[in-house]
Amino acid sequence: MARAAHLGPRARPSFARVPAGLLVWAAIVCLVMAIPLAYILLRVAESDAGTWDLILRDRTVWLALRSIGLVAAVTAGAIGLGVPLAWLTVRTDMPLRKVWAVLVALPLVIPSYVGAFALISAFGPSGMLNRVTGIEGLPTIGGFAGSFAALTLFTYPYVYLIVAAGVRGLDPSLEEAARGLGRSRLSTFTGVTIPLLRPFIASGGLLVALYTLHDFGAVSLMRFPVFTQAIYLQYRGAFDRTPAAVLSLMLVCLALVILVMEVRARGRARYHRVGSGTAKIAGRIHLGPWRWAAFAACLLITLIAFVGPVATIAFWLARGAARGGEVRLTWAAAGASMGISALGASVALVAALPIALLTARYGSKAASFARYVSYSGYALPGIVVALGFVFFASNYASWIYQSIPLVVLAYVVLFLPQASEPLQSSLLQVGPRIAEAGRALGSGRRRVFVRLEAPLISRGALAAWALVFLTAMKELPATLLLRPTGFETLATRIWTGATAGLYSKAAGPALILLAICAIPLYVLARRVEARDLEVRVEK
Amino acid sequence: MTRTLWTRTAAAAAALLLLAACGADEPAAETTGADPAEEQTLTVYSGREEELVADLFEQFETDTGIELDVRYGDSAELAATILEEGDSSPADVFFSQDAGSLGAVAQEGLFQELDADVLERVDERFRSPDGLWVGTSGRGRVAAYNTDLIDEGDLPDSIVDFTDPQWKGRIGFPPTNSSFQAFVAAMIELEGEDATRDFLEGLKANDPKLYEDNSSTVRGIAAEEIEVGFVNHYYIYEVAAEDGEIPVANHFFTGGDPGALVNAAGVGVLASSDATDAAREFVDYLTGDEGQTYFAEDTFEYPVAPGVEPGEDLVPLDEIESPDVDLSDLGATIEPALELLAEVGLL
């Protein structure tokens, strides 16, 4: 048991030499990922002293500080919700565990601006709660608290989904050892389980932090000005791209700081088995009377973060229909949304693999560089990335401009971290020893990856695919600017209705969007359960 | 298990390559097959909402035989797109919700000059002084009020009077809406930044309810959440069309008050267009009788060319005592307006 110490002080990369093919693959990915960054730098180069005067003001600093505060709070909140939920739904005997496993992931399908809107309609000034109870002076939602609530509730599923994959892959022998040595259940959870999950928590936290950094919709609805507002003011008010680019570059720098912090949080520990034998199947942990407290917590979260927004949308639809408005069911747009999001997710997976492999297996300088470059797109507001693509494609690659492949490419640039983070965490959990064994037995590197490693990380790959798919389904700014003329997705349909102030017209496509997004989430949860069964039957 | 996973991945990759190939072919086919009939397709970037103008576009296609390829988007974002595309823009025409976006494109020299007879049709207030874009319809700023709660006689002549404490908790507006922001810009032009700051701070002190857009503001008035809201004049008709009759009416400010600003939606032809004739025909159509009648009757806006009467409920355009500001100057003042709104904490 002592030899099976997972938390060795340092993990040494096993194949010191990085295969050339992998480097070339990663280099190609980085080149594409650098498009928005190149665009920003190009515009920054046009700046003069006046631009910098405009930007280096107290207000900019003030907005940056607010952004940092919000990012820290939301990340902490999402981890605080996501990690316990992952553990409860995977490892305990909470009632209806398998149902909750799907339900608590569902808030992910709610676009954060729709979620914020629903929160305001329910809890805002003269919201439903206020009107129903008729109590004056009830605390209302808005500002920092509102932004924090909205962003936490609609981003914690990133942490939940990634950590749940980690909990499922966890070898319970260490926890059992700790329990056997007299540690309490709580101290086992905080002292053993949490540290073992560090790479997963760090990955999920990173996705939440960067999402919060670039979000504009939720904070704008909650009237909490942050850094992205400064960027939008430049585009909307001044039509000046240079200050917007300088501000975007500052946002990328903030993202860089977050990435460095994430690498630190992840630590250099080892998370795979190094002893002999294979991981055990984890038994269920009995919660006793606490199982009902856990049940109630899941219920409350699902009600606020999923049922509430869905009910709000359904109400708009019903109101529109009751007034005789035509309810448009946009099946063609639904097909288009699914097709292009599936393409985006698949390409993102292919693009993320070299980044994840470099980071998890080789830990080289090239790996950190690849990671920093490839994550810049995710840290930027969609409009900045979209305009970067407009500039390069229209002027230098007009054959691809306003075409489906360009939208797919933009999705990959926007969402790559959502694919590479789950992959990377899975790779860390599998560890390099299995591959080494395969190599020692005479198999080529590629064969080892395809036959041994790929099946082991397939759970992470599935999570990666689903995350990008779901986020792409909701994407608006890049789709709007880069799509072929006349190409409609559900998100563009929702936008068309909402900009005209016709919520009943936006509600139809919004509900279809939610229904479609629920499917991959359901499959994700079911597949994992099926896998557990398989193993149990073998036993 | 393993095999199926990889077969699937391979299949997905193959499908993607195929699609990429098709995608690459499409635009190429368009450029090579440039026969005369193909030239009759016009690419329109429309910052005006599909709900408002799709019918008009259809009517244009039927009347002229020119086919339209319309890309809808947000006016400011489409302007930014055109600026990035530069001379390679696929757009022939930019149809914008507001004068500011048109001004940004005009300033970069990406519009071509319009025909004098088209320009002269339109009131001087609603076109570019250099003839680079022309207004198509006008939108008046108003104070919409709940007729069950307030008599019009109790409403002030100037929007500035709403800073009076008697309006505390009774007013609302959509600060993120570009028409509201244009009004703030107009106030800066007319009365300077300090007076505008005082006004905004006074409004804020009255605890206004902030809405997402014009129509939700009107709905808020109808639902008695607020009594008065600052919106564009046609939203009460639009909301009534969707929600049924509502007890909301428009009040126009007088005496050249900035609160009575009349803004214009407008159109310009890109200098890089390769379908200039069709593009000019499009502009001619929008500013001609057909287009003007459509705006008057279907979108409840103000026609900007003489000869077409506004909808029957509307105060005629020349009776609105709108402030004396140049719309094309307004574009440059939007940014200070946004800064001010952000500074006061209304954005």
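User: What counts as a salt bridge, and how many does the rule find across the interface of chain A and chain B?

Analyst: A salt bridge is a side-chain nitrogen of Lys or Arg within 4 Å of a carboxyl oxygen of Asp or Glu. The model is predicted, so local features need pLDDT of at least 70 and side-chain atom pairs pLDDT 80 or more, while totals for chains, interfaces and linings use all residues. Residues are numbered from 1 along each chain as its sequence is written, chains are lettered from A in the order in which they are written, and side-chain values use heavy atoms, without hydrogens and water. Across the interface of chain A and chain B, the number of salt bridges found is four.

User: Which residue of chain A meets E84(B) in a salt bridge, and is it buried or exposed?

Analyst: E84(B) lies in helix α4 (residues 75-85) of chain B and its partner in helix α14 (residues 241-266) of chain A, so the pair joins two chains; helices here are DSSP runs of H or I with at least four residues. The N to O distance is 3.4 Å. E84(B) is buried (under 20% relative accessible area, 1.4 Å probe, protein chains only). The partner is also buried, and is R241(A).

User: What is the area buried between chain A and chain B?

Analyst: Buried area is the accessible area (1.4 Å probe) that two parts lose on being put together, summed over both. Carbon and sulfur atoms give 55% of the area between these chains. The total is about 5100 Å².

User: Which residue forms a salt bridge with E175(A)?

Analyst: E175(A) is in helix α9 (residues 173-180) of chain A, and its partner, 84 residues apart, is in helix α4 (residues 58-91) of chain A. E175(A) counts as buried because its relative accessibility is 7%, and the partner counts as buried because its own is 5%. The closest N and O atoms are 3.1 Å apart, and the partner is R91(A).

User: Why does C30(A) form no disulfide, and how far is its sulfur from the closest cysteine sulfur?

Analyst: A disulfide is a pair of cysteine sulfur atoms within 2.5 Å, and the count over all chains is zero. C30(A) is buried, with a relative accessible area of 10%. The closest cysteine sulfur, in C253(A), is too far for a bond, at 17 Å.

How values were computed:
Buried < 20%, exposed > 50% of the residue type's maximum accessible area, 1.4 Å probe, protein only.
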